[in-house]
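Thanks for agreeing to look through this one with me. Here are my notes, point by point, for reading alongside the model.

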Amino acid sequence: MATQPMGRALAPPRIYTYRDMFAARDSAAFARVHRVSLAKRVMRGVLPPTTAIYTITAPVLAFVNLNRWLAPCPCGLEPAVVDRAPAGGSPPLARCFGCGAVLTAVVMPDDADAIEAELVRRPWQHRNWQPGETLARLRADNIAHGV
Ligand SMILES: [Zn+2]
């Protein structure tokens with residue numbers, strides 16, 4: 001099977017958050033999507049009937065994976081989806097669709113916007129960033145790969 005190169009024209013112009021991933025217009029809509037998704041998964045038997053939305057207050061570091069801002073959920077089932085700017089000026093949070101957790105202490109990098117600016121130069125499947133990876137490293141990788 002031939003592979004098709006992913007050109008910049010097909011690449012999204014930003015790193016996705018819940019707004020892009022769920023077409024949710026704001027934090028309240030994101031919370032509804034979370035609640036409804038969990039309820040549907042319980043009804044289908046994917047999640048146990050005891051599944052409920054709960055809060056985790058321990059800090060977690062956001063990361064970028066395949067063009068999405070995510071945060072590690074302690075459940076280990078799947079990464080939580082980040083809301084960088086929740087309503088009311090609350091700190092960034094993330095919602096886990098695997099266990100129902102709302103992680104209320106998501107730590108975004110201080111230079112998140114600069115990180116995004118470097119990542120969006122790449123094809124979407126190469127838009128990955130881990131905490132501790134410096135802007136200089138991102139720029140060097142971009143130059144090494146001609147982007
Ligand atoms: Zn979880």
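**Notes on the fold**

1. Let's begin in the middle of the sheet. Asp83 stands opposite Leu93 in β6. This pair belongs to the junction of β5 and β6, two antiparallel strands joined by 3 bridges. Please keep in mind as you read that this is a predicted model.

2. Now a step back for the overall layout. The chain holds 4 helices and 8 strands. Reading from the N terminus, the order of elements is α-α-β-β-β-β-β-β-β-β-α-α. Along the principal axes, the C-alpha atoms fill a box of roughly 50 × 40 × 25 Å. Of the 147 residues in the chain, 24% are buried. If we take the contacts with a separation of 6 or more, 52% of them join residues 24 or more positions apart.

3. Which strands make up the sheet, and in what order? An open sheet is formed by 6 strands, ordered β1-β7-β6-β5-β4-β3, with mixed pairing. At its edges lie β1 (54-56) and β3 (63-65), each of which pairs on one side only. On average, neighbouring strands of this sheet are turned by 40 degrees against each other, direction ignored.

4. A word of background may help here: strands of a sheet pair through backbone hydrogen bonds, and they may do so in a parallel or an antiparallel way. In this model, β4 and β5 are antiparallel and share 2 bridges; Leu70 has Val81 of β5 as its bridge partner. β6 and β7 are also paired in the antiparallel sense, over 2 bridges. There, Ala94 finds its bridge partner in Leu103 of β7.

5. Those last two residues appear again in the nonpolar core. The largest such core has 25 residues, and the members touching the most others are Ala71, Ala80, Val82, Ala94, Leu103 and Val106. At least two residues of this core come from each of β4 (68-71), β5 (80-83), β6 (93-95), β7 (101-103) and α3 (112-119).

6. Ala71 is a good residue to click on if you want to explore that core. What does Ala71 contact, leaving aside its neighbours within four places in sequence? Its partners are Val60, Ala62, Pro79, Ala80, Val82, Ala94, Leu103 and Val106.

7. Next, helix α2, which is nicely regular in its length. At 1.5 Å a residue, its 17 residues should span 24 Å, and the end C-alpha atoms are indeed 24 Å apart. Its buried residues are Phe30, His34 and Leu38. Seen down the helix axis, these fall within an arc of 70 degrees, so they line one face of α2. They pack against α1 (18-22), β5 and β6. On the face turned away from the buried side, you will find the exposed residues Ala28, Val36, Ala39, Lys40 and Met43.

8. Val33 also sits in α2 (residues 27-43). Is Val33 buried, exposed or partly exposed? It counts as partly exposed, because it has 18 C-beta neighbours inside 10 Å, while a buried residue needs 20 or more. Apart from neighbours within four places in sequence, Val33 is in contact with Phe22 and Ala24. Val33 and Phe97 are 64 residues apart in sequence, yet their C-alpha atoms are 9.6 Å apart in space.

9. Helix α4 (residues 135-144) makes a useful next stop. Of its 10 residues, the number buried is 1, so α4 lies largely in the open. After α4 comes Gly146, with a positive phi near 70 degrees. A glycine with positive phi follows α2 as well: Gly45, near 85 degrees.

10. Finally, two residues to check by eye for their backbone angles. Ala23, in the loop between α1 and α2, has a positive phi near 50 degrees although it is not a glycine. Ala23 is exposed, with 9 other C-beta atoms within 10 Å. Leu66, in the loop between β3 and β4, likewise has a positive phi, of about 50 degrees, without being a glycine. Leu66 is exposed, with 12 other C-beta atoms within 10 Å.

Conventions:
Residues are numbered from 1 along each chain as its sequence is written. This is a predicted model: local features need pLDDT of at least 70, side-chain atom pairs count only at pLDDT 80 or more; totals for chains, interfaces and linings use all residues. Two residues are in contact if their C-beta atoms, placed from the backbone, lie within 7 Å. A nonpolar core is a set of buried Ala, Val, Leu, Ile, Met, Phe, Trp, Tyr and Cys residues joined through C-beta atoms within 7 Å. Two strands pair if DSSP finds at least two bridges between them. Axes are lines fitted to C-alpha atoms, for helices over the stretch in contact, and angles run from 0 to 180 degrees between N-to-C directions. The expected span of a helix is 1.5 Å times one less than its number of residues. The arc is that of the directions from the helix axis to the C-beta atoms.
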